[in-house]
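Please open the model in your viewer and keep the selection panel at hand. We will go from one selection to the next, with a short note on what is there.

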2 protein chains.
Amino acid sequence: MDSSSNGGAESAPLKLSPAHTRQWERVCQHARDIRVLDSIQWLLDWDQQCYMPSAGAEYRARQFTALAAYMHRLWTDRQFGDDLNELAAGPLADQPYSDAGATVRVLRRQVERMVRLPQTLVEALANARSTSQQIWVAARKANDFRAFAPSLAETFRLKRQQADALGWTASPYDPLFDEYEPDATAADAERVLADLQTQLVPLLDRIRGAPRRPDVSILRRHYPVAAQRRIGRRIASRIGFRLDAGRLDPAPHPFCMQVGPQDVRLTTRYDERFFSTSFFSTLHEAGHGLYEQGLRADQFGLAPGDYCSLGMHESQSRLWENLVGRSQPFWTFAFPWVQQAFPAALASVSQDQFYAAINDVQPSLIRVEADEATYNLHIVIRFRIERDLLEGSLAIDDLPSRWNDEYERVLGIRPPDDRQGVLQDIHWSVGIVGYFPTYALGNLYACQVYEHARTQVADMDAAIAEGRFGGLLNFLRRRIHHCGRVWSAGQLIERITGQALSSEPFMNHLRAKLLPIFAL
Amino acid sequence: MDSSSNGGAESAPLKLSPAHTRQWERVCQHARDIRVLDSIQWLLDWDQQCYMPSAGAEYRARQFTALAAYMHRLWTDRQFGDDLNELAAGPLADQPYSDAGATVRVLRRQVERMVRLPQTLVEALANARSTSQQIWVAARKANDFRAFAPSLAETFRLKRQQADALGWTASPYDPLFDEYEPDATAADAERVLADLQTQLVPLLDRIRGAPRRPDVSILRRHYPVAAQRRIGRRIASRIGFRLDAGRLDPAPHPFCMQVGPQDVRLTTRYDERFFSTSFFSTLHEAGHGLYEQGLRADQFGLAPGDYCSLGMHESQSRLWENLVGRSQPFWTFAFPWVQQAFPAALASVSQDQFYAAINDVQPSLIRVEADEATYNLHIVIRFRIERDLLEGSLAIDDLPSRWNDEYERVLGIRPPDDRQGVLQDIHWSVGIVGYFPTYALGNLYACQVYEHARTQVADMDAAIAEGRFGGLLNFLRRRIHHCGRVWSAGQLIERITGQALSSEPFMNHLRAKLLPIFAL
């Protein structure tokens, strides 16, 4: 792979003394060993969400715990830490953005986190991850928040312990958020989200009073599941997702998991009475999948072969879901396919009607089905709630009413039950706290990257209208996927676009798309 | 669980000094930790055979290798070995068949094996297990033995290394066979199989000249796969297999794997033009599954919660597949179900015709589809071939012709290609060598146990004819499943039936069933 593979990094050939070479090789081997165990955890997780029989949950928790404990031992291995420190202080001190320099920097950062966590806490978190998820599945099904509350309280108790062990000054949210979006803080999230809220609310008000509304009933016709499966696989494959190096399975919650460098698994869920659920979640997860399939396999387990941040990860899914998947050029290509797959539902529907329907804006209850304009407001609500839970200013028992009040205040609608409210997302049940803002960041990264890609990829819209996605994908591969975790997301966005992260491309995109649809 | 749970074992309450108690607790924890990793390996294996994308194979091998290396380190842990030795020499010396005594004895035996294996060989075997399997899948599909030969040669080279490291006197086959059937030797296998061959050949000769033959064409009608799936799940569930603590998936090779104490997974394969493939393989694997679901969950990872031997395991699958599943009482219950599931194929077929067809005897090429009378002859062939490969008197390149010659000599038919010959079984591709004789032992154990069960379970045949399997299952639970690995298979069969293992019940069963069917 040539030096352009990581977007023009200053990757000089690595020149080390024999002693440093031995250290470097030990470090790489050790990091790859840890990554193997991590990949096994992902398989356990995939299996738990897709195929594990319900009675298997209790022992699955033991399996997670055993792997987490072993990984923690490897992370905190004395020699590993010493090797990293010596390499960082010595030969790699002046090349922080070379493959090797970035690898050492990122690994040291993780080692520093891990040594602060006691093994007992690591095991308790791993155990909670698996058991709490099963309780959430049952509680959501039964619409019974009370049944979930004790294990949710326990999760937040452990996450707060984790934050305290990692250390924080402004907010216990910071060290948890930092795990998903390195170098970002709760204050950053609050600023970005408040800015979005300020701009989105007037836009939504305008749309609320619009003279024309799309006919969304066409999306609620009968869409046979078998045809949805076929079209989902066909589209995922067409945009470049390799099904021989991945899978697409049904699961209660759509996700993407990397079980190995050539084994990337997507899930989706099907609703026979709603076109969008599986189609757009498949495009979304396939966007994640393209990122993971595009990482440098030779660097798997090291920074240049890792994703940049979860915000950047989300940018890839949102880019394919929304910027490609809800665009006019895309539907010029895809509408005949989809019309043919669902003749009963779509025979008498025009592409323009369809395009308007999938871009309708309507405050709604379920985040993963929210439109582009209201989506970030779901994140505003979740972010503030989880921050307050962690900081201790909100009690678990008050969570459902706070959730429902916020929906009423921010989006103007109130969930009729907890299934469509606080029980909808899997994250907290698996101990993922401090993650939600990465979704909003992803939306912003996506728009800024996409706006730039149009200036770089020749005739991009015309190619997409013909179902040719290679130009765009190659741009993403070269400028994002192949860069791995060498730079932070903030650095990367500047390197790609020449600009710091801004909400402007996102708001411009929304206005340019939505105002014509609503005849504003 | 009371003392009758392991069939009346002399399980006095464990009385240990404080120091020995600490040792005992450390030993149990360590053994359970190893078992957790082992269970994860089974999930990797299940996934590889059911769902892993093809490109994932290379990294899967790394995952297996990492776990195997870690398990090997735990098995050879100094303190673990010391604790076991002290407990065995001290407080447990006089209670070899108590739960604790058996646990220590079985663990020491495994530790002794493991310390003889170098870590590099353990890793090479784990790596070969995964990569070779993928090559076998492709080679079988392409009917191309040459493509498989190099990795098969490598597997046998490693297995011979393993046998040499473990140590042997009479044959390198012995230490490998011993892993699957503790205390049994190649000479034992040769004696049992030669005895069976001597008795089966004349019986087959008589059947060959029989005045009446079943009409087997009724099994080759059209059996829609969807209905096969439904009936398979229904029957497995009816005999007692818990689908909430297990699964049934399609896979190229039928198997049963225990991913956890409450997570037992079966596979089957479907042939739309042959009733028997999925129906009897499902019953077979469900028999294995009932054994695993019947093991004492509180002892998971310790001898009382482990299966006795693979021969005893196979006895449970063959018992449900053949002694129950091909009996008149079973079909009195099941024929209406099956007739209703496949009306087009079976509407005009009588239960007697169907019963005769599923009990037809006909030398055939595929082991897993062989009838009860010829099945053991497939084992005779495999056993002698793998023994000769290991001992070095047969070369890999000569394997297909030796295989085909043996089929001609022993069964009177010659495979037209390697797909139906030497490439049919998965075992060697995953490094399982020395396993095949356990199938024949399983047939003998099954018949001896079943003959005895009829004298112990009230009105067993009548209950089965009504679809009530609880009496038989409880008998098996109590006398076999709950005994775990406390006794060897040879001891267990004597404890249950009062007799040493014999081929007599098996031959009596065959004659009693087959002679009337063939009007002999």
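The tour below starts with one whole chain and then moves to single residues.

**Stop 1: chain A as a whole**

Keep in mind that this is a predicted model. Select chain A and colour by secondary structure: there are 21 helices and three strands to find. Turn the C-alpha trace along its principal axes, and the spans come to about 70 × 55 × 45 Å. How does the radius of gyration of chain A agree with that of a compact globule? For 520 residues, such a globule would have a value near 24 Å, and chain A has 23 Å, which agrees.

Now switch on the surface. Chain A has an accessible surface of about 19200 Å², and carbon and sulfur atoms hold 50% of that. Of the 520 residues in this chain, 62% are buried. If you draw the contact map of chain A, look at pairs at least 6 apart in sequence: 74% of those contacts join residues at least 24 apart. For the charges, select the 58 positive and 62 negative ones in chain A; their mean positions lie 3 Å apart.

**Stop 2: A:D47**

Next, select A:D47 and show its side chain. You are in helix α1 of chain A, which covers residues 18-50. Is A:D47 buried or exposed? Its relative accessible area is 0%, so A:D47 is buried, the cut-off for that being under 20%. Draw a distance to the side chain of A:R60, and you will find a polar contact of 3.0 Å.

Then expand the selection to the contacts of A:D47, leaving out neighbours within four places in sequence. In chain A these are A:M52 and A:R60. From chain B come B:L43, B:W46 and B:R265.

**Stop 3: B:D47**

Cross over to B:D47, which sits in helix α1 of chain B, residues 18-50. With a relative accessibility of 1%, B:D47 counts as buried. Which side chain does B:D47 meet in a polar contact of 2.9 Å? The partner is B:R60. Past four places in sequence, B:D47 also touches A:L43, A:W46 and A:R265 from chain A, and B:M52 within chain B.

**Stop 4: B:H378**

Stay in chain B and select B:H378, a residue of helix α15, which runs over residues 372-391. It is buried, at 0% relative accessible area. Show the residues that B:H378 touches beyond four places in sequence: B:S364, B:L365, B:I366, B:R367, B:A370, B:Y407 and B:L411. For a longer distance, pick the C-alpha atoms of B:H378 and B:L501: the two residues are 123 apart in sequence and 21 Å apart in space.

**Stop 5: two loops with positive phi**

Return to chain A for some backbone torsions. Most residues other than glycine have a negative phi. Select A:D183, in the loop between α7 (173-180) and α8 (186-208), and read its phi: the value is near 80 degrees, positive although the residue is not glycine.

Finish at A:D459, in the loop that links α17 (437-456) and α18 (460-465) of chain A. What is the phi of A:D459? It is near 50 degrees, again a positive value in a residue other than glycine. Show the surface here too: A:D459 has a relative accessible area of 63% and is therefore exposed, as exposed means over 50%.

Key: Residues numbered from 1 in each chain as written. Chains lettered and ligands numbered in written order. Heavy atoms only, no water. Helix = DSSP H or I, 4+ residues; strand = E, 2+ residues; numbered from the N terminus. Buried < 20%, exposed > 50% of the residue type's maximum accessible area, 1.4 Å probe, protein only. Contact = heavy atoms within 4.5 Å. Rg over C-alpha atoms; globule rule 2.2 N^0.38 Å. Areas by Shrake-Rupley, 256 points an atom, 1.4 Å probe, with all protein chains shown as cover. Lys, Arg positive; Asp, Glu negative; His and termini not counted. Charge placed at Lys NZ, Arg CZ, Asp CG, Glu CD. Polar contact = N/O pair within 3.5 Å; in protein donor to acceptor, adjacent residues only side chain to side chain.
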